[in-house]
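Reader: I have a structure to look at and some questions about its parts. Can we go through them one by one?

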Amino acid sequence: MVKLSKRMKQIEKESSREDAVAPKEALEVIKSAAVVKFDETIEVSMKLGVDPKKADQMVRGSVKLPHGTGKACTVVVFTKGDNIDVAKKAGAQHIGDAELVKKIQGGWLDFDVVIATPDCMRELAPLAKVLGPRGLMPSPKAGTVTTDVATAVTEVLAGRLEVKVDKESNLNTIIGKKSFSLEQLVENFEHLLGSIKRMKPQSSKGTYLKQVCVASTMGPGIKIDLSKID
């Protein structure tokens, strides 16, 4: 018989929970179960009452968490002229236009966010099939197609998230690291949920937030009691 480690016993105990709990209690459990050596990411998964197949029920946008994500972010900016220097000063790691398109077409995908100025969007068209499925294609709604390159890059590096419901009506994102204080995680969680609520499509009827769970990279998933969310 295999002997379970202390961490696995804790995960087994917590993952057997069936009762949904308040956000703060759930995050306390997640933090206590995150005992591996690396700084685990704290994740949120939601089931939304929308039909993503209908264009007017797509939930997509950007969220700037008050305490950031704790995750290092590699930013690519497609731009020209004076905005090249602007993007560099703001902290973007990779900047260009046509040559950068060729590099990505060649298989390079070592980045997290793509920002573009409107004058470069035509050149990005060939990358739609590469970036689109990965959620990386710039769009005005997500704030990644913009003339204000400095603000876009600064906010992304500070922890702005792009969120988008998938074809199964699920939305998955992160709210920080296990090294964050409980208060920081709670504030990030509440801010995220408030932002998602404000993104509710007018055409969506019935229950919008159907289920919400939190988990760490290597830990259990804990259900949130939606009646205990303001």
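**Contacts, salt bridges and a pocket**

Author: Leaving aside neighbours within four places in sequence, Thr146 is in contact with Ile115, Ala116, Thr117, Pro118 and Ala152. Contact here means heavy atoms within 4.5 Å. This is a predicted model, in which local features need pLDDT of at least 70 and side-chain atom pairs count only at pLDDT 80 or more, while totals for chains, interfaces and linings use all residues. Residues are numbered from 1 along each chain as its sequence is written, and side-chain values use heavy atoms, with hydrogens and water left out.

Reader: Is Thr146 buried or exposed?

Author: Thr146 sits in the loop between α6 (128–131) and α7; helices (H or I, at least four residues) and strands (E, at least two) are DSSP runs, numbered from the N terminus. Buried means under 20% relative accessible area, exposed over 50%, and partly exposed in between (1.4 Å probe, protein chains only). Thr146 has 18% relative accessibility, so it counts as buried.

Reader: Which parts does the salt bridge between Lys80 and Glu123 tie together, and how many residues apart are they in sequence?

Author: A salt bridge is a side-chain nitrogen of Lys or Arg within 4 Å of a carboxyl oxygen of Asp or Glu. In the bridge of Lys80 with Glu123, the closest N and O atoms are 2.8 Å apart. Lys80 lies in the loop between β3 (75–78) and α3 (83–90) and Glu123 in helix α5 (residues 121–124), so the pair ties together parts whose separation in sequence is 43 residues.

Reader: Which helix holds both Glu99 and Lys102?

Author: Glu99 and Lys102 form a salt bridge, with 3.9 Å between the closest N and O atoms. Both residues are exposed. They are three residues apart, about one turn of the helix, and that helix is α4 (residues 98–105).

Reader: Is Arg160 buried or exposed?

Author: The side chain of Arg160 meets that of Glu155 in a salt bridge (3.3 Å, N to O). Glu155 counts as partly exposed, because its relative accessibility is 23%. With 10% relative accessibility, Arg160 counts as buried.

Reader: How many charged residues are in the lining of the largest pocket?

Author: A pocket is an open set of points on a 1 Å grid over the protein atoms alone, where a 1.4 Å probe fits, with protein on both sides within 12 Å along at least five of seven lines; lining residues have an atom within 4 Å of a point. Asp, Glu, Lys and Arg count as charged, Ala, Val, Leu, Ile, Met, Phe, Trp, Tyr, Cys and Pro as nonpolar, and the others, Gly among them, as polar. By class, the lining has 16 nonpolar residues, eight polar and, as charged residues, 10.
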